[in-house]
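Open your viewer and get your selection tool ready. We will walk through a few stops together, with something to look at in each.

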Amino acid sequence: MVEDIKMFGKSLETVEEGPEQEAQRKAFEDRIAHGEKIEPGDWMPAEYRRQLIRMISQHAHSEVVGMLPEGAWIGRAPSLRRKMILLAKVQDEAGHGQYLYHAAETLGVSREELIEALLAGKAKYSSVFNYPALNWTDVGVIGYLVDFAAILNQTMLARCSYGPYARAMVRISAEENFNKKQGQDLVIRMAHGTLGEKAMVQDAINRWWWPTLMMFGPPDTASPNSAALIRWGIKTKTNDELRQEFVDKIIPELEALGLTVPDPGLSYGAESGHWMTGEINWDEFWRVVQGQGPCNQERMAARRAAHEEGRWVREALEAYAHHQGLG
Ligand code: FAQ
């Protein structure tokens, strides 16, 4: 069997699988089955490497693009305290992008290639960040719903079989928990505020509910990558399992605040103990993933502009490194 990984314009690895590779693959899978972490210099199947680069780079891009909807509100935060909290959160997201690009680099791909793929529209980032943050309340709802969804996913990934990704996730999840708390705090205050404030927070939940559910990815029946990811211990839960966990946790919390979700089909299964949602609009999800969401163009334009504006900094750093004999 020939595995030829073509990604970011170059071939990372070409492996002819004979008896020797078969034995390597078996030893590799045994290590994963025994809960050992795979580390950068270790032998790994080309497809394992490809899946990790795909997923970690998408994750990194999501953190960086994810700074945009909330970042737009830093200048309009209603108090100094709220401004400081939001600044710290957005800065955390930049840091998460950094950890993740580093983790991807351990797999033999450069940060420049990854960013180039994003800017060329070849790499994905989370669909949820292609929706607009229309008012201040959205900042709270993004923190509460989107960060909560991200935490559930990242807590699972902290147990993933690839060491650098798992370790990045431990740190990111801890920071993300604080980020969620700022959102939850804002939502609780608004829900207990004036009628106008409560209406605003309900409106924001109505707009972010479905995009948050879509964040977990397509249903298991339409998820081509899940089988390989689960087989190799990269993901340990499926998209639908994590989505269900989120719904079961968040609905009672929202109910306790007197808030609802915009889903007439929502029901509680007394026997299963699970909240069942109505049908998710997967056509909308795929449209957004394919670049036709409300803000895809705006997000990419912002990233391209930031990349251009930062060019002189990168060039200056390179020139300095060269001058010091480091480049
Ligand atoms: N958006 O076969 P599957 C955050 C693509 S971080 C766009 O099921 P997989 C922090 C998928 O890539 C949020 N595309 O894929 C924050 C694949 O396309 P490909 C990001 C999506 O990998 C909070 C195709 O569909 N988190 O929020 C999406 O098994 C607040 C088929 O899908 C991560 O990236 C989507 N939602 O499962 C920042 C976590 N879903 O690559 C600021 C790591 C799927 O074959 C503010 N990633 N696709 O061309 C994962 O856990 C997984 O990759 C999934 C998707 C669960 C996202």
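A residue here is called buried under 20% relative accessible area, exposed over 50%, and partly exposed in between. Keep in mind as you go that this is a predicted model.

**Stop 1: a link from α7 to a loop.** Select Arg167, which has a relative accessible area of 47% and is therefore partly exposed. Now add Glu39: the two side chains meet in a salt bridge, 2.8 Å from N to O. Arg167 sits in helix α7 (residues 163-191) and Glu39 in the loop between α1 and α2 (46-65), so this pair ties together parts that are 128 residues apart in sequence. Glu39 is partly exposed too, at 25%.

**Stop 2: further along α7.** Stay on helix α7 and pick Asp185, then add Arg82 from helix α4 (residues 80-105); the pair ties together parts 103 residues apart in sequence. The closest N and O atoms of this salt bridge are 2.9 Å apart. Is Arg82 buried or exposed? Arg82 counts as buried, at 11% relative accessibility, whereas Asp185 is partly exposed at 24%. While you are looking at salt bridges, select Glu70, Lys89, Glu93 and Asp147 as a group: bridges with shared partners join them into one network.

**Stop 3: α9 meets α1.** Next, select Arg231 and Glu29, whose side chains form a salt bridge at 2.7 Å, N to O. Arg231 belongs to helix α9 (residues 226-231) and Glu29 to helix α1 (residues 19-33), with their positions 202 residues apart in the chain. Glu29 is partly exposed, with a relative accessible area of 25%. How many salt bridges does the count come to? The count is 19.

**Stop 4: a negative patch.** Switch to a surface view and colour Glu112, Glu116, Glu315 and Glu318, which form a negative surface patch. Helices α5 (111-119) and α13 (311-323) are the elements that give two or more residues to the patch. Glu318, found in α13, counts as exposed at 57% relative accessibility.

**Stop 5: buried residues.** Hide the surface and select Phe246 in helix α10 (residues 239-256). Phe246 is buried, with a relative accessible area of 0%. Measure from its C-alpha to that of Gln154: the two are 13 Å apart in space and 92 residues apart in sequence.

Finish with the cysteines Cys160, buried at 0%, and Cys295, buried at 4%. How many disulfides does a search of the whole structure find? The search finds zero.

Technical notes: Residues are numbered from 1 along each chain as its sequence is written. This is a predicted model: local features need pLDDT of at least 70, side-chain atom pairs count only at pLDDT 80 or more; totals for chains, interfaces and linings use all residues. Side-chain values use heavy atoms; hydrogens and water are left out. Patches are made of residues with over 30% relative accessible area and no salt bridge: like charges are joined within 9 Å, nonpolar side chains (Val, Leu, Ile, Met, Phe, Trp, Tyr) within 5 Å. Accessible areas come from the Shrake-Rupley method with a 1.4 Å probe; for residues, only the protein chains shown count as cover. A salt bridge is a side-chain nitrogen of Lys or Arg within 4 Å of a carboxyl oxygen of Asp or Glu. Lys and Arg count as positive and Asp and Glu as negative; His and the chain ends are not counted. The place of a charge is taken as NZ of Lys, CZ of Arg, CG of Asp or CD of Glu. Helices (H or I, at least four residues) and strands (E, at least two) are DSSP runs, numbered from the N terminus. Buried means under 20% relative accessible area, exposed over 50%, partly exposed in between (1.4 Å probe, protein chains only). A disulfide is a pair of cysteine sulfur atoms within 2.5 Å.
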